[in-house]
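Let's go through a structure together and ask what stands behind each label.

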Amino acid sequence: MKKSEWYRVLVERVNTSPLSRFVGQRLVKVSRGRAELALEIKNHHLQGRGQLHGGWYGFISDTAGFFAVMSLCNPEDGATTVEYKVNLMEAATPKDSPLIAKARVIKRKGAIAV
């Protein structure tokens, strides 16, 4: 399978998944070691003050990072997140929609990628 076809499969896999449709996320771009994901901020994503709940930042960051790694893998490979950390500088609100998560693989050695 050509890489361009593999990237198309990854995008389709995310964008047609029940979880992605429920959450409102979509994988916008995939290229070698990179991925970009968008989350349409809806009322069900908000905490009591009308700002995006902190868990959603981790959710879309993890998803974008996962698919950046998968872009370097073969179709029969799998991957699992072993750790991530998110620092928030400012809260997003529905006016900031869509929220974009961009990920890139910095280093990959053996079974671990950063």
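Q: What makes the link between the side chains of Gln 25 and Ser 20 a polar contact?
A: The two side chains come to 2.9 Å. A polar contact is a pair of N or O atoms within 3.5 Å, where within protein one must be able to donate a hydrogen and the other to accept it, and residues adjacent in sequence count only if both atoms are side-chain atoms. The value of 2.9 Å is within 3.5 Å, so the label applies. A note on the source: this is a predicted model, in which local features need pLDDT of at least 70 and side-chain atom pairs pLDDT 80 or more, while totals for chains, interfaces and linings use all residues. Residues are numbered from 1 along each chain as its sequence is written, and side-chain values use heavy atoms, with hydrogens and water left out.

Q: How do you know whether Gln 25 is buried or exposed?
A: Its relative accessibility is 7%. Buried means under 20% relative accessible area, exposed over 50% and partly exposed in between (1.4 Å probe, protein chains only), so Gln 25 counts as buried. Leaving aside neighbours within four places in sequence, its contacts (heavy atoms within 4.5 Å) include Leu 37, Phe 59 and Thr 63.

Q: Why is the pair of Trp 56 and Phe 59 called edge-to-face?
A: Rings of Phe, Tyr and Trp (its six-membered ring) pair if their centres lie within 6.5 Å; planes under 30 degrees apart are stacked, over 60 edge-to-face and the rest tilted. Here the centres are 5.5 Å apart and the planes stand at 80°, so the pair is edge-to-face. Both residues lie in helix 3 (residues 54–70), about one turn apart; helices are DSSP runs of H or I with at least four residues, numbered from the N terminus.

Q: Which label, buried or partly exposed, fits Trp 56, and which fits Phe 59?
A: Trp 56, at 19%, counts as buried. Phe 59 has 23%, so it is partly exposed.

Q: What makes Phe 66 and Phe 67 an edge-to-face pair?
A: Their centres are 4.7 Å apart, with 85° between the planes, so both values meet the cut-offs for an edge-to-face pair. Phe 66 is partly exposed at 25%, whereas Phe 67 is buried at 8%.

Note on methods:
Helix = DSSP H or I, 4+ residues; strand = E, 2+ residues; numbered from the N terminus.
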